[in-house]
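Student: I'd like to learn how to read a fold feature by feature. Could you take me through one?

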Amino acid sequence: MTTLPDIPLPASIRSRYIENINGLRMHVLEAGFETRGRPCVLLLHGFPELAFSWRRVMPILAEAGYHVIAPDQRGYGRTTGWDPDYDGDLASFRLPNLVRDMLGLVSAFGYRSVDAVIGHDFGSSVAAWCALIRPDVFRSVVMMSAPFGGPPPLPFNTVSEPARRSDDPIHRDLAALPRPRKHYQWYYSTREANDDMHHAPQGVHDFLRAYYHHKSADWKDNKPYPLKSWTADEIAKLPTYYVMDHAKDMAATVAEQMPSPEEIAGNKWLPDSELAFYSAEYERTGFQGGLQWYRCGTSGAFTPELQTWSGRTIDVRSAFISGKQDWGTYQRPGVYETMQSRACTNMIGCHLVDGAGHWVQQEQANKVSWLLVQFLRGTKASS
């Protein structure tokens with residue numbers, strides 16, 4: 001096996017591998033492991049991130065008395081056993097199987113339950129489904145940057161109605177705009193997307209630098225607000241990292257917003273030395289593992305399975321944290337509101353953290369950590 005370079009971690013975090021987790025050899029970061037019997041907290045990253053994205057949060061949660069576990073999820077980083085081929089086993093990346101991965105992981109560590117599952121971006125979706133499907137194991141949930149609107153509904157009272165079209169006209173409507181556009185999740189589902197990013201003309205490192213910058217509070221045009229509807233005219237108001245120009249790939253899209261050398265040198269939340277770890281990992285693995293998650297959603301093939309939980313709500317204690325400058329809160333019109341009014345029945349707080357865009361736990365690690373500790377201690381924090 002190839003020896004991989006050390007991860008630039010704080011001294012209180014260790015890296016290790018756990019064998020036989022639902023067919024995976026799972027790489028995890030761990031803090032608070034020195035003392036046995038601590039309550040456990042599970043941290044789930046999104047795209048294009050890794051367990052490494054929790055490096056500043058983990059020591060603070062460990063100091064608060066928790067055993068903190070952050071895996072490289074299926075498709076990412078140093079976790080192996082997943083199929084990297086576009087034409088490979090897509091079903092292994094569907095949400096119920098990602099929940100099964102996490103069940104296997106906490107069980108391997110000897111926990112019958114964890115105090116909280118905390119997820120960011122696509123990890124927020126996995127965390128939400130963990131709490132929905134197995135509330136006995138995942139006893140509370142914090143979702144970050146991607147609100148949860150509940151399971152997809154079953155068609156109801158339709159026996160006398162004509163059959164509805166299954167395709168979404170939004171894509172034709174976006175392409176027909178005076179400035180033709182396309183939605184990033186459907187672009188991420190194309191065969192070309194991985195190659196566009198993995199072999200970006202500017203290189204993986206500069207691609208990631210521009211991508212992280214464009215979606216952060218450092219990009220001053222990130223001034224999000226609720227959108228009225230899932231229509232082309234409305235969602236075309238989203239920045240190009242969400243609703244792209246039709247003729248451009250993601251590498252070209254973010255290259256237009258590449259920060260200056262002075263901005264890069266002044267970046268405290270993601271200095272180049274830390275970005276270099278991300279870029280080295282993605283140069284090695286490519287992006288297809290993470291893109292498979294998007295394909296599961298856009299294909300529609302796995303919606304019927306998710307409808308098994310139609311009408312179910314998240315009833316464990318829950319909270320939502322996002323950056324105040326994060327468009328992710330509003331990218332699906334109405335979902336942020338639905339999460340609070342219907343999808344979660346025991347939501348104790350929604351916190352929009354100023355000075356953070358999409359990478360909230362990296363951009364404002366101390367504020368996020370404080371909110372998480374307050375949540376874990378059962379108090380109602382104010383942001």
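Tutor: We'll go through the sheet, some backbone oddities, the cysteines and the empty spaces, keeping in mind that this is a predicted model.

Student: Let's begin with the sheet. How many strands are in the open sheet, and in what order do they come?

Tutor: The general idea comes first. Strands of a sheet pair through backbone hydrogen bonds, and the pairing can be parallel or antiparallel. Here eight strands form an open sheet in the order 1-2-4-3-5-6-9-10, and the pairing is mixed.

Student: Which strands stand at the edges?

Tutor: Strand 1 (13–21) and strand 10 (347–353) do. Each has a single partner strand, so one side of each is left without a neighbour in the sheet. As for the twist, it averages 20° from one strand to the next.

Student: Can you show me a pairing in detail?

Tutor: Take strand 3, residues 40–44, and strand 4, residues 67–71: they pair in the parallel sense over three bridges. Val41, for instance, has Val68 of strand 4 as its bridge partner. Further along, strand 5 (residues 116–120) runs parallel to strand 6, and four bridges join them. There, Gly119 has Met143 of strand 6 as its bridge partner.

Student: How many residues of strand 6 are buried?

Tutor: Five of the five, so strand 6 is largely enclosed by the rest of the structure. Look at the side chains too: Ser140, Val142 and Met144 point one way, Val141 and Met143 point the other way, and all are buried.

Student: What comes right after strand 6?

Tutor: Ser145, which lies in the loop between strand 6 (140–144) and helix 4 (170–175). Check its backbone: Ser145 isn't a glycine, yet its phi is positive, about 70°. Ser145 is also buried, with a relative accessible area of 1%.

Student: Where is Asn22 found, and what is its phi?

Tutor: Asn22 is found in the loop between strand 1 and strand 2. Its phi is near 55°, again a positive value in a residue other than glycine. Asn22 is partly exposed at 23% relative accessible area, while Ser145 is buried.

Student: What kind of peptide bond joins Phe47 and Pro48?

Tutor: A cis one, with omega about -10°. Pro48 sits in the loop between strand 3 and helix 1 (58–63).

Student: I've also picked out Ser216. Is Ser216 buried or exposed?

Tutor: Buried, at 0% relative accessibility. Don't let the word "loop" mislead you: Ser216 lies in the loop between helix 7 (203–214) and helix 8 (232–235). You can also set sequence against space here: Ser216 and Ala251 are 35 residues apart in sequence, and their C-alpha atoms are 17 Å apart.

Student: On to the cysteines. How many disulfides are there?

Tutor: A disulfide is a covalent bond between the sulfur atoms of two cysteines. To count one, you look for a pair of cysteine sulfur atoms within 2.5 Å. In this model the count comes to zero. For Cys344 the nearest cysteine sulfur is that of Cys350, 8.3 Å away, and Cys344 is in no disulfide. The search from Cys350 leads back to the sulfur of Cys344, and Cys350 is in no disulfide either.

Student: And their surroundings?

Tutor: Cys344 is buried, with a relative accessible area of 4%, whereas Cys350 counts as partly exposed at 24%.

Student: Last topic: empty space. How many cavities of 30 Å³ or more does the structure hold?

Tutor: Rolling a probe the size of a water molecule over the atoms shows where empty space is left. This structure holds two cavities of 30 Å³ or more, and about 40 Å³ of space lies in the second largest.

Student: Which residues line the second largest cavity?

Tutor: Ile7, His27, Leu29, Leu50, Ala51, Phe52, Asp72, Arg78, Phe277 and Glu281. By class, that lining has six nonpolar, one polar and three charged residues. Strand 2 (24–31) and helix 11 (272–285) each supply at least two residues of it.

Student: What about the second largest pocket? How much space lies there?

Tutor: About 210 Å³. It is lined by 13 residues, and those closest to its centre are Phe33, Arg36, His67, Phe109 and Tyr111. The pocket lining divides into three nonpolar, five polar and five charged residues.

Definitions and conventions. Residues numbered from 1 in each chain as written. Predicted model: local features only at pLDDT ≥ 70, side-chain atom pairs only at ≥ 80, totals over all residues. Heavy atoms only, no water. Buried < 20%, exposed > 50% of the residue type's maximum accessible area, 1.4 Å probe, protein only. 1 Å grid on protein atoms, 1.4 Å probe; cavity = no way out; pocket = protein on both sides within 12 Å on 5 of 7 lines; lining within 4 Å. Points joined across faces, edges and corners; volume = space filled by probe spheres on them. Nonpolar A, V, L, I, M, F, W, Y, C, P; charged D, E, K, R; others polar. Pairing = 2+ DSSP bridges. Axes fitted to C-alpha atoms, helices over the stretch in contact; angles between N-to-C directions.
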